[in-house]
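This report describes a single chain, its helices and a few chosen residues. The sequence and the structure come first, and the text follows.

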Amino acid sequence: MILIALLTFLNAFTPQFTEAGKAKLEKMVQERDALTQQWKASESKKSGIFGNRTKKDMIETNEWLERIIAKDNLIMDELRMIGDIETTVATQTGEDYKAIAFKQEKDVQALKRAVAERDKQIEEKLSEKRTFEWISLILFLITLGLGFVVYKKVIKA
């Protein structure tokens, strides 16, 4: 009964159980229940004189208990294996997330380098534009000054 409660609990909180694993555990629990019933039957068996239990009856009862313990050990091994599978799946999922995070970090670094390179190109173009603006301003001022000098000479002449 405790194992059934344990299986129900694990089934409710661990969605990783496979259908084959569930079926195998259910079969093992049913076999254990059958063994328990046979143990109870042998426990109530009294074949001795005056309705007492004989040594043979007690040995048979102990053999049923040994079979129940062996079945319990098989059930526990199966539960451990399922737990290991779930741990492996969780570990693999964690490693997958780490790989995805690492890849995205690399992508972010590549994008940062691309943005820095683009910013550098923009600064170079802006610098060229500023140089052109300064040259244009200087030429305009020189032309304005020459025009003013020529205008003064023409007006005086």
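E78 counts as buried because its relative accessibility is 7%, below the 20% under which a residue is called buried. The residue is found in helix 3. Setting aside neighbours within four places in sequence, E78 is in contact with K24, L25 and M28. Two of these partners, L25 and M28, are themselves listed among the buried residues of helix 2.

The coordinates belong to a predicted model. The mean pLDDT of the chain is 81, and 87% of the residues score at least 70. Confidence varies between elements: helix 3 has the highest mean pLDDT, 86, and helix 1 (residues 2–13) the lowest, 53. Where pLDDT is low, the predicted coordinates should not be read in detail.

The chain holds 3 helices and 0 strands, in the order α-α-α along the sequence. Of its 157 residues, 15% count as buried. The accessible surface amounts to about 12900 Å², and carbon and sulfur atoms account for 64% of that area. Among contacts with a separation of 6 or more, 59% are between residues 24 or more positions apart.

Helix 2 covers residues 19–43, which is 25 residues. From first C-alpha to last it reaches 36 Å, close to the 36 Å expected at 1.5 Å a residue. Its buried residues are G21, L25, M28, V29, R32, L35, T36 and S42. An α-helix has 3.6 residues a turn, so residues three or four places apart point the same way.

D33 also lies in helix 2. At 27% relative accessibility, D33 counts as partly exposed. Its C-alpha atom is 8.7 Å from that of I68, although 35 residues separate the two along the chain.

Helix 3 spans residues 55–156 and includes L141. L141 counts as partly exposed because its relative accessibility is 49%, which falls short of the value over 50% that an exposed residue needs. L141 is also one of the residues that make a nonpolar surface patch of about 1000 Å². The other members of this patch are W134, I135, L137, I138, L139, F140, I142, L144 and L146.

The three residues discussed individually are set out below.

| Residue | Element | Relative accessibility | Class |
|---|---|---|---|
| E78 | helix 3 | 7% | buried |
| D33 | helix 2 | 27% | partly exposed |
| L141 | helix 3 | 49% | partly exposed |

Methods:
Residues numbered from 1 in each chain as written. Predicted model: local features only at pLDDT ≥ 70, side-chain atom pairs only at ≥ 80, totals over all residues. Heavy atoms only, no water. Patch = residues over 30% accessible without salt bridge, like charges linked within 9 Å, V, L, I, M, F, W, Y side chains within 5 Å. Areas by Shrake-Rupley, 256 points an atom, 1.4 Å probe, with all protein chains shown as cover. Salt bridge = Lys/Arg side-chain N within 4 Å of Asp/Glu carboxyl O. Helix = DSSP H or I, 4+ residues; strand = E, 2+ residues; numbered from the N terminus. Buried < 20%, exposed > 50% of the residue type's maximum accessible area, 1.4 Å probe, protein only. Contact = heavy atoms within 4.5 Å. Expected span 1.5 Å × (residues − 1). pLDDT = per-residue confidence, 0-100.
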